[in-house]
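Me: I'm new to reading protein models and would like a close look at one part of this one. Could you pick out a sheet and walk me through how it is put together and what packs on it?

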Amino acid sequence: MATIKDIAREAGVSQGTVSNVLNGKGNVSSDKIRLVEETAARLGYTVNRRAKILRKGVSNTLAVLLPNMYDKRYTDFFTSFKHYAESSHYSANLFLSDDDVEMEKTQLAAIRSEGVAGLAAFSCQSDDAAELYTNAGFSVDNLIFVERSAGPDFNYIGFDYAEAGVTLAKEALTRGYREVVLVTESVSYSCERQFFRSFCATLEDTACRVRSVVTDRLHCNNTFLQLLNEGTVINAIFMTSYSLAQAYLNIQKTFFRGRESEIYTLSPLFTMPTRDFNKYELNYRLLGKLVAEQLIACCQTPSEAPKKAILENDGLRRWGVPICPDSGCKRITVLTLDSPTARIMESLSKLYTDATGIEVKIAVSSYDGIHEILKSLSEMSVFDVIRIDHSWLSWFGEKIFLPLDDFDTALKNTLETFVPGLIPQYSNVGSTMYALPETPSAQLLFYRRDIFENPALQRLYKEQNKRELVLPETFEDFNRIARFFTKKFNPLSPVNYGTTLTLGNSGVAATEYLTRYFSHTSDLFSSDGDILIEGANGLAAIRELVDARQYTPSKHNDWWRETARTFAQGDTAMTIIYSNYASEMLNASSRITNKIGFAVVPGGNPLIGGGTIGVCRNSRHPREALDFIKWVCSEEVTTAMTLMGSVSPCRKTYENYEVLDTYPWLALSRDCISLSHTHRIPPGLTTHFDERGFLSILGMAVNNAITGTMEPEEAIAFAAQAYRHAFL
């Protein structure tokens, strides 16, 4: 294997220079960095990470001890644990015990020999776990027990298994079951014991009799065969393990058809709907993230006091519950703006039809097309539900939607599931609620993380610009970086273009301008309603936009979906798009998967976007229409839609690490909604504001400036004059 000495000799530089380049240290020129990296790659040099750890004397490796990787709960846990560890510059090594006490001891010795910084353990030791782990050198500084507690002297994180037992026992009573079977793993595990005790205590002195069965993954098939061979009628079976429930279902379907019973089970979180069991869900991906987070904190800041954390259970998430049973309505029609969400809604609406018997017809229209439909919406409208861009709510809300405040007093439960702060911007016209937020989103800066973090490019940028290559805080910085990454201006750039622009129609072009305008100020209008774009901020914004055009492909993008796909081709350094279109960057042909970085837009004042959904004022089925809206805005549905490429208004979606691991920018997008302070409507306006009409005026001016038809100052003056003529 090639050594540092070999690289130095081949490249004609000192060994110290090679060491500095490979370790990202020292003041090395961009030319030498490229030379060393190219030579190392040509010679096949790889870093000996174990030797590096020995030299440093500190390990950045965490260990996870799991029973197995067959069970989805453990797969979910480790996937999230590993993702968080690696994002924090740690690695994660996996060890399996197969719930065998001797194997666990063997694995513990192997873990210690690795010199890991910390350990997260699902221990199967019944009585002597504390002694075993203490003798191995672990303590509260570097050990967390997960799900299965080893006593009060150790760190512990798990779910509320007692609450789960109570809830499922009450479900048995509600369903009127006379006899149920309770299947657990070993009750020597604290989680199994807590569930068992609370379940049985809840059904004590009731008409429901409990039969208890203890088994495990290795012996469950034989156990279930014996149980079903007895011939006893089982009303329902309750289990503490999803993998055991799968095994039972397989035995039941294969050998005992016609003797099916209801199956309830504790389960990891399922983002997409399934129909096999009644699942009481626990968020193991969130558990994995939190355990990794706390373990790293323990390693970095030792504490003698053990910590205990109990996570909230997600519980029975009822995908298939009929929202409006026995309705006379046979069909509702939904008019929606074309977007990724519209296509996803079409697919998931089949579940609503299965649950209610009501067919859902989705009519998808373009940005301009839906605006024309809404302008001419008649008393004989065929639509029951309308989904529009939230910026149109001020103009169209009272005209097209039924007010929801008095229409349904039970909306409180739905509103409580939403991210705080959405209602004023996505639901209300004045003080009246006309719609619900469905796909709230915010602009984000996306960038090629791999080229921003490249040492040679960082050094070259500093040589050329006398400053560090860091994420832009202003659009002046943004354009400087975009120029650096445009091959026309910098032949050493690894990509052809520094950024993108979305200029498909006047409304979209205006958005590009406002993105820059609001990086300078929050106010678009004066206190008397006059427009402020002719001031210094407005002129700076148009100049920044015109300058940015030099660093983009010659053909602009018409819509944000197209912009996301352009960025996915891998030939652009940065882009700004709304988060509800960002999933398009991960399409099957994407060349930047795992290379995407994201940040708040320059200026820290992003525009917000996305859709809002309400009941058509002329709907013939308003009650069913609102029931559908509540269903499509529910946590279960919006989280599934988000995993498929949409975004969600619900808080718990942003605790779902299957979603966040797939689209890691979503948590920042949620935070940017509250970060946004863009006053886009004249203050004190007593009439509706036609924001689309205003954006058309502004967008025409932007296009005139971009194409050179007008000078930037001339274009802005034209837009201001046109606004005053149309609105004042």
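What follows is a walk through one sheet, with a little about the rest of the protein around it.

Reply: Sure! Keep in mind that this is a predicted model. Let's start with the whole thing and then zoom in. The protein's secondary structure adds up to 29 helices and 23 strands. Its radius of gyration is 30 Å, close to the 27 Å that the globule rule gives for 728 residues, so the protein is as compact as a globular protein of that length. If you box up its C-alpha atoms along the principal axes, you get roughly 85 × 85 × 45 Å. Of the 728 residues, 54% count as buried.

Now for the sheet. It is an open one with 5 strands, and going across it you meet them in the order S14-S13-S15-S23-S18, with mixed pairing. What stands at the edges? Strand S14 (359–365) and strand S18 (436–437) do, and each has a single partner strand, so one side of each has no neighbour in the sheet.

Let's look at one pairing within it. Strand S13 (residues 331–337) and strand S15 (residues 385–389) pair in the parallel sense, over 3 bridges. If you'd like a spot to find on screen, look for Val334, which stands opposite Val385 in S15.

Next, the helices that pack on this sheet. Helix H13 (residues 340–356) packs there and touches S13, S14, S15 and strand S23 (611–615). The direction of H13 makes about 175° with that of S14. Helix H14 (residues 367–375) also packs on the sheet, where it touches S13, S14 and S15. Its direction makes about 125° with that of S13.

For another kind of detail, try helix H8 (residues 161–174). This helix has 14 residues and reaches 20 Å from its first C-alpha to its last, close to the 20 Å expected at 1.5 Å a residue. Its buried residues include Tyr161, Leu168 and Glu171. Seen down the axis of H8, the buried residues fall within an arc of 150°, so they line one face of the helix. After H8 comes Gly176, which has a positive phi, near 75°.

One last stop is a loop residue. Ser261 is found in the loop between helix H11 (242–255) and strand S9 (262–268). Is Ser261 buried or exposed? Its relative accessibility is 11%, and the cut-off for buried is under 20%, so Ser261 counts as buried. Leaving out residues up to four places away in sequence, Ser261 touches several others, among them Ile234, Tyr248 and Gln252.

How values were computed: Residues numbered from 1 in each chain as written. Predicted model: local features only at pLDDT ≥ 70, side-chain atom pairs only at ≥ 80, totals over all residues. Heavy atoms only, no water. Helix = DSSP H or I, 4+ residues; strand = E, 2+ residues; numbered from the N terminus. Buried < 20%, exposed > 50% of the residue type's maximum accessible area, 1.4 Å probe, protein only. Contact = heavy atoms within 4.5 Å. Pairing = 2+ DSSP bridges. Axes fitted to C-alpha atoms, helices over the stretch in contact; angles between N-to-C directions. Expected span 1.5 Å × (residues − 1). Arc of directions from axis to C-beta. Rg over C-alpha atoms; globule rule 2.2 N^0.38 Å.
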